Amino acid sequence: MSRLPYLKDLLIFSLPIIFGHVGIMLIGTGDMLIAGHFSREALAAIGLAISISNPIMMLALGLLFSVSPILAQKRGRGEDISPYFFSVLLYGGVVGLIGSILTLLSIYLLPYFGYAENLTALIREYLIITAFSILGVSLYQAVKEFFQAKEKAIAA
């Protein structure tokens with residue numbers, strides 16, 4: 001019974017983080033739902049494009065997930081982590097830029113996968129759009145990780 005207040009605090013802190021992670025996992029799902037109403041070819045192309053872009057995006061996000069624990073350790077030692085904000089933002093930008101470039105470069109591999117030409121054109125178009133979104137997702141994740149380390153998961 002004495003742990004109940006701690007559980008409540010943990011849930012209050014963790015729910016926004018959980019919803020953020022679920023939101024990231026659902027990137028592409030909405031695109032597939034909409035494409036399914038448009039045509040089978042669009043659905044197939046987006047499904048194949050997501051299978052190419054998601055590993056790159058997950059690699060970028062995995063690199064950014066390291067920010068919060070490192071900064072939380074610094075906070076635990078009593079250090080002020082506020083000066084690290086722009087470094088974290090720069091790190092997120094660099095990781096996102098590399099992810100975007102890798103996604104754009106993956107377009108040149110499409111002919112080797114043996115997809116139908118009509119699908120290849122749709123996959124290429126989706127990958128170009130997704131390449132730019134990886135930069136945005138990486139910047140968002142960097143800021144999110146920074147504020148998690150400051151225990152600012154909910155805007156007060």
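This section describes the packing of two helices and the surroundings of two serine residues in a predicted model.

Helix H1, spanning residues 4–25, packs against helix H7, which comprises residues 117–149. The axes of the two helices lie 12 Å apart and enclose an angle of about 165°. Since angles over 145 degrees count as roughly antiparallel, H1 and H7 are therefore roughly antiparallel to each other. Their crossing is left-handed. On the H1 side, the contact is made by Phe13, Ile17, Gly20, His21 and Ile24, while H7 contributes Tyr140, Gln141, Lys144 and Gln148. By character, the residues of this contact comprise 4 nonpolar, 4 polar and 1 charged.

Helix H7 also contains Ser138. This residue is buried, its relative accessible area being 1%. A polar atom of the Ser138 side chain is located 2.9 Å from the backbone oxygen of Ile134. When neighbours within four places in sequence are left aside, the contacts of Ser138 are with Ala60, Leu64, Gly92, Val95 and Gly96.

The second serine, Ser100, is situated in helix H5, which covers residues 85–106. With a relative accessible area of 7%, Ser100 is likewise buried, as the value falls under the 20% limit for that class. The side chain of Ser100 reaches the backbone oxygen of Ala131 at 2.5 Å. Ala131 also appears among the contacts of Ser100 outside its neighbours within four places in sequence, together with Ile134 and Leu135. Ile134 is thus in contact with Ser100, and the backbone oxygen of Ile134 lies 2.9 Å from a polar side-chain atom of Ser138.

Note on methods. Residues numbered from 1 in each chain as written. Predicted model: local features only at pLDDT ≥ 70, side-chain atom pairs only at ≥ 80, totals over all residues. Heavy atoms only, no water. Axes fitted to C-alpha atoms, helices over the stretch in contact; angles between N-to-C directions. Helix = DSSP H or I, 4+ residues; strand = E, 2+ residues; numbered from the N terminus. Parallel < 35°, antiparallel > 145°, perpendicular 65-115°, else oblique. Left-handed = near helix turned anticlockwise from the far one by under 90°. Contact = heavy atoms within 4.5 Å. Nonpolar A, V, L, I, M, F, W, Y, C, P; charged D, E, K, R; others polar. Buried < 20%, exposed > 50% of the residue type's maximum accessible area, 1.4 Å probe, protein only. Polar contact = N/O pair within 3.5 Å; in protein donor to acceptor, adjacent residues only side chain to side chain.
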